[in-house]
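Q: Please take a close look at how the parts of this model pack against one another in its C-terminal portion, and then at some places elsewhere that help to complete the picture. A formal account that a first-year student can follow would be welcome.

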Amino acid sequence: MKDHSTIGRPAPLVDGIEKVTGRARYTADLADRDTLTARILRSPVAHGRIARLDTSRAEALPGVLAVVTGADCDVPYGVIPIAQNEFPLARDKVRYRGEPVAAVAAVDAGTAEAALALIALEIEPLPAHATAAEARAPDATLLHDDKPGNIEREVHHEFGSAEAGFAEADLIREETFSCAEVHHAMMEPNATLAEYDPERARLTLHSCTQVPFYVHLAVARCLQMDTSRIRVVKPFVGGGFGHRTETLNFEIIAALLARKAGGKVLLRLSREETFLTHRGRPQTDVRLKIGMKRDGTLTAVEAEVVMAGGAYAGYGLVTILYAGALIHGLYAIENVKYDGYRVYTNTPPCGAMRGHGTVDMRHAFECMLDRMARELGLDPFALRRANLLEAPTFTANGLMVNSYGLPEALDRVEAASGWAERRGKLPRGRGLGMACSHYVSGAAKPVHWTGEPHAVVQMRLEFDGAVTVLTGASDIGQGSSTIVALAAAEVLGIDMGRVRVVANDSEVTPKDNGSYSSRVTFMVGNAAIEAARALREKLILAAAEKLEADPADVVCEGESFFIPGAAQSELPWQEVVYAALAREGTLTEKGTFRTPEKAQGGKHRGGAVGSTMGFSYGAQVVEVSVDEATGQITVEQVWSALDVGYAINPLAVEGQIEGSVWMGMAQAMSEETAWRDGLHAHANLLDYRFPTIAESPPVEVHIVESIDPLGPFGAKEAGEGALSGFPPALVNAVADALGIDVNFLPVTPDRLLEAVIKWRRAQKRAGGAA
């Protein structure tokens, strides 16, 4: 890579000042004195038929402007076009406790709440199933009549021959792992501001979403409005982590209320209601069988995954496919058999969460690799190195791998942690564990296939010398607006201060599919580079005309245009801007990105899921100390290396890796949702436990740059790949510290203590028998 003038250096985020000074306006900040307040009536039971729903008294209450129920929307929605079975407000049946049944818009919160109390709701209870095992029982009540056995989706894939692979193995082991359901716990509770103009029949929606385009489509569909009459704006968003990668019920409900009231409605959910909207990582059971040779070479993998997906389809189809697809892509494995079952349960719908579909499977896989290495007398690093890929290549299931920085990532964390010198030499109760991980740089095929480019960026040259970048990409804190600004500044050779980014307003910005599957840097970054290059060519033509030179000889750099070696040939940026505008008037250029066909996955059913232009690759070492008397785990330090292709903004990359490690630690040690008779028992940020800064260990980040040939400036994703490495690294560290293997997440003190007690009893019995 050549030296760069702007990228490759730490840069503060372009919207950082607004956030740290409190000037940033989030959706809930946008209401004014004319805004109505909305509230939702929710089901008090987990499963039942709606026998009576009478809203007449609520409608008659002074100050109530609108009441809506399931009768106001008979169009189902869902992020996957072939799996849309959810309504914004329940119709006929309720399928989880807390499901919206009715909603009101009133002049103030007190009136809205009083109106809810006046709604008569009678529900005939049906048997409820909170777990996948209950829902799959032969006598289980169906949540959806068209889904026998409460199976939303089952997947059966085999690549190569697992049977033949196991026949070649010197060691075969099989274990079952259970991983709890977890929630995103983003900082900002859900909120939507909807305004309907009855004279013009137009709707404007401000919402805390990661996918404004998908919200636009779903609202138009459910309200049966033409898309041209809807405007969707994404203000500042206080985190998402996947929770907001699909249209959510409250967004459609707010739109329904605004239209019925003929005005502006703010629907702001409480923290408990935000938890009930859920869309988190499903409770997952993984049965995993692995075969390997004495040197650690993998010969076969057989996996069965069962996910408790909640009451509606959501992303379920994709999640269960991801779990199998991304067994591939990290190591060289030719023989893989996968069976996946996504099960309907009477709990809030699950969905996408950071590391979508891969975290629990990767956890089981990396734990088993360590245990088999132990049996074979191999070092865990040596076992991983025995199974490295050679890029460029395609996996057995058709995934493209063009760049592969895992070998360097392994080297980095092994050396930094002092693995060779320290592992096995620490006192009892202290241990080191390691694991590897990977993730996609954007899905190669979008959820809503329209044939359009995956990303479009417009770049406009302004009369004042500024460059305005218009993008539909959603910056939810990951720094996507900064990436497009850096790309523009780098290609055009200008200071970042000249670049203005306008994002996420369907009235002025081009369509973008949204922020999910770590797609924005790769796809939108490439589109921004293309737009900037087109604009630079126009500027070079104008400069060449003034210099009376061949455009091929003109260099654009450092806010000037010049011919190297020529005396008195330099033109300042502003002068060339005036010349370019004089030649053509306002200059607007467009950049797009489409995924190459070879990156779009295998030809088997579901083969598009997991396909991507490039994978990030990570290796982690975690050091823990464990109190055997209490089961308390303390993470002493983490070493995390991630191959990000090229770090366009190292400051943001480092933050993303640290955030991924932190979320992995939370899932590994404490996070889980819990249900009591269908009621969410942890629907607040006190009972839903995750580490605070007080428990957060030092994280030493190592950025690996493999320079991907398709990535923008060689870059790949940086925000998800490190997450799934932490949980198995922690469990492997606990095994090193105590000699105990555990097959559950989270590893809470009570569960670990119970495992220690069982282990001691087993040791005692074994000693007595001997």
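A: Helices here are DSSP runs of H or I with at least four residues, strands are runs of E with at least two, and each kind is numbered from the N terminus. With these terms, Pro746 can be placed in the loop that joins strand 31 (744-745) to helix 19 (749-769). The model is a predicted one. In it, the peptide bond leading from Leu745 to Pro746 is cis, with omega near 0 degrees.

The account now turns to helix 18 and its partners. Helix 18 covers residues 726-738, and its axis comes within 8 Å of the axis of helix 17 (residues 650-669), the two crossing at roughly 55 degrees. Helix 17 and helix 18 are therefore oblique to each other. The crossing of helix 17 over helix 18 is right-handed. On the side of helix 17, the contact is formed by Val661, Gly664, Met665, Ala668 and Met669, while helix 18 supplies Phe726, Pro727 and Leu730. Sorted by class, this contact of helix 17 with helix 18 holds seven nonpolar residues, one polar residue and no charged residues.

Helix 18 also packs with helix 10 (residues 359-376), at an angle of about 30 degrees and with the axes 8 Å apart. Helix 10, too, passes helix 18 in a right-handed crossing. Helix 10 contributes Arg362, His363, Glu366, Cys367, Asp370, Arg371 and Arg374 to the contact, and helix 18 contributes Pro727, Pro728, Val731, Asn732 and Ala735. The classes in the contact of helix 10 with helix 18 are five nonpolar, two polar and five charged residues. Pro727 is thus among the residues of helix 18 that meet helix 17, and Pro727 is also among those that meet helix 10.

Leu730, which belongs to the contact with helix 17, leads into the interior. The largest nonpolar core has 109 residues, and Leu730 is listed with Leu288, Phe365, Leu406 and Val624 as the residues with the most contacts inside that core. Apart from that core lies another, of 57 residues, including Ile483, Ile494, Ala579 and Ala580. Val624, from the largest core, also touches Leu730, as well as Ala733, Val734 and Ala737. Leaving out residues up to four places away in sequence, the other residues that Val624 touches are Gly429, Arg430, Gly431, Ile633, Thr634, Val635 and Glu636.

Strand 27 (residues 632-643) is the next element to consider, and Ser640 is found in it. Ser640 has a relative accessibility of 1% and therefore counts as buried. Neighbours within four places in sequence aside, Ser640 is in contact with Val661 and with Ile657; Val661 is one of the residues through which helix 17 meets helix 18. The other contacts of Ser640 are Val413, Ala619, Gln620, Glu700, Val701, His702 and Ala722.

Another helix pair offers a parallel case for study. Helix 6 (residues 212-223) and helix 7 (residues 249-261) pack at an angle of about 50 degrees, with axes 10 Å apart. That angle makes helix 6 oblique to helix 7. Their crossing is right-handed. Val215, Val219, Cys222 and Leu223 of helix 6 meet Glu251, Ile252, Ala255, Leu256 and Arg259 of helix 7. By class, the residues of this contact of helix 6 with helix 7 are seven nonpolar, no polar and two charged.

Some features of the backbone complete the picture. A cis peptide bond also runs from Ala391 to Pro392, with omega near 0 degrees, and Pro392 lies in the loop between helix 11 (380-385) and strand 16 (393-394). His278 is not a glycine, yet His278 has a positive phi of about 50 degrees. This residue, His278, sits in the loop between helix 8 (271-277) and strand 13 (283-292), and at 0% relative accessibility His278 counts as buried. Ser518, also not a glycine, has a positive phi of about 50 degrees as well. The loop that holds Ser518 runs between strand 21 (499-503) and helix 15 (520-547). With a relative accessibility of 18%, Ser518 counts as buried.

Definitions and conventions. Residues numbered from 1 in each chain as written. Predicted model: local features only at pLDDT ≥ 70, side-chain atom pairs only at ≥ 80, totals over all residues. Heavy atoms only, no water. Axes fitted to C-alpha atoms, helices over the stretch in contact; angles between N-to-C directions. Parallel < 35°, antiparallel > 145°, perpendicular 65-115°, else oblique. Left-handed = near helix turned anticlockwise from the far one by under 90°. Contact = heavy atoms within 4.5 Å. Nonpolar A, V, L, I, M, F, W, Y, C, P; charged D, E, K, R; others polar. Core = buried A, V, L, I, M, F, W, Y, C linked by side-chain atoms within 4.5 Å. Buried < 20%, exposed > 50% of the residue type's maximum accessible area, 1.4 Å probe, protein only.
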